[in-house]
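Subject: Handing over the structure, with notes on what was found

Dear colleague,

I am passing this structure on to you, and below it you will find my notes. Please read them with the model open beside you.

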Amino acid sequence: MAATGADAASVTVVCVALIDTDGRVLLAERPAGKAMAGLWEFPGGKIQAGETPETALIRELHEELGIDVTEACLSPLTFASHRYSTLHVVLLLYVCRRWKGMVTAREGQRLSWVRPARFADYEMPPADKDLIAALRDLL
C-alpha cells in the first residue's frame, strides 16, 4: 500500500544553483530509470547519515559533475517543502558562483546552462519549481 498524506516518508535533499559568469544557471535532466526521468532539476542529492547539507552538496557536485566546491563558496538561499504521493521532500537550495574544474555530466545526464527568464522552457519537478521565484529575485 502506498503511503499518502501524513504517513508519507520524508527526505531532505540539497541542491545548488551553479551560476556562471554570464548569469546562467545549470540545470540537469533526470536520467532514464530514475523517478521523474526527463524532468530538469538543480544538481544535488540526498543528505547521507552524518553529513551536513554543505558536505553532501560538495560530495554530490564532485560525483555528478566532476567539480570541486568549497563550503565557503556555498551560500544558502531558500528551501521548498513538497509532498509527492509517496514522499515528502524538503529541498534546500544553495547558490554557488565559484568552483574548480570543468562541469561534466558524469552520470549520463544532459546539462543545460539556462538564463532565469527561460526556466519555464524546462519541465521541472514541483519542488524545484517552488525555488525559482527566490532565485529570480537574486539574479
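Is tryptophan 113 buried, partly exposed or exposed? Its relative accessible area is 28%, and because buried means under 20% and exposed over 50%, tryptophan 113 counts as partly exposed. Please keep in mind, here and in everything that follows, that this is a predicted model.

**Aromatic pairs**

When the whole structure is searched, three aromatic pairs turn up, and I describe two of them here. In one of them, phenylalanine 42 and phenylalanine 119 meet edge-to-face, with 6.0 Å from centre to centre and 85° between the planes. Phenylalanine 42 sits in the loop between strand E3 (40–41) and strand E4 (44–46), while phenylalanine 119 sits in the loop between strand E7 (111–114) and helix H2 (126–129), so this pair ties together parts that are 77 residues apart in sequence. Both phenylalanine 42 and phenylalanine 119 are buried.

Another pair brings us back to tryptophan 113, which is stacked with tryptophan 99 at 6.1 Å centre to centre and with 10° between the planes. Tryptophan 99 belongs to the loop between strand E6 (87–96) and E7, whereas tryptophan 113 belongs to strand E7 itself, so the pair ties together parts that are 14 residues apart in sequence. Tryptophan 99, with a relative accessible area of 22%, is partly exposed.

**Arginine 30 and the largest pocket**

Arginine 30 is located in the loop between strand E2 (25–29) and E3, and because buried means under 20%, its relative accessibility of 17% makes it count as buried. Its side chain makes a polar contact of 3.0 Å with the side chain of glutamate 41. Leaving aside residues up to four places away in sequence, arginine 30 touches Ala35, Met36, Ala37, Gly38, Leu39 and Glu41.

Where do Arg30 and Glu41 appear again? They are among the residues closest to the centre of the largest pocket, together with Val13, Gly45 and Lys46, out of 29 residues that line it. The volume of this largest pocket is about 620 Å³. Its lining is made up of 16 nonpolar, four polar and nine charged residues. At least two lining residues come from each of strand E1 (9–18), E2, E4, helix H1 (53–65), E6 and H2, and E1 gives the most, with four residues.

With best wishes

Key: Residues numbered from 1 in each chain as written. Predicted model: local features only at pLDDT ≥ 70, side-chain atom pairs only at ≥ 80, totals over all residues. Heavy atoms only, no water. Phe/Tyr/Trp six-rings, centres within 6.5 Å; stacked < 30°, edge-to-face > 60°. Buried < 20%, exposed > 50% of the residue type's maximum accessible area, 1.4 Å probe, protein only. Polar contact = N/O pair within 3.5 Å; in protein donor to acceptor, adjacent residues only side chain to side chain. Contact = heavy atoms within 4.5 Å. 1 Å grid on protein atoms, 1.4 Å probe; cavity = no way out; pocket = protein on both sides within 12 Å on 5 of 7 lines; lining within 4 Å. Points joined across faces, edges and corners; volume = space filled by probe spheres on them. Nonpolar A, V, L, I, M, F, W, Y, C, P; charged D, E, K, R; others polar.
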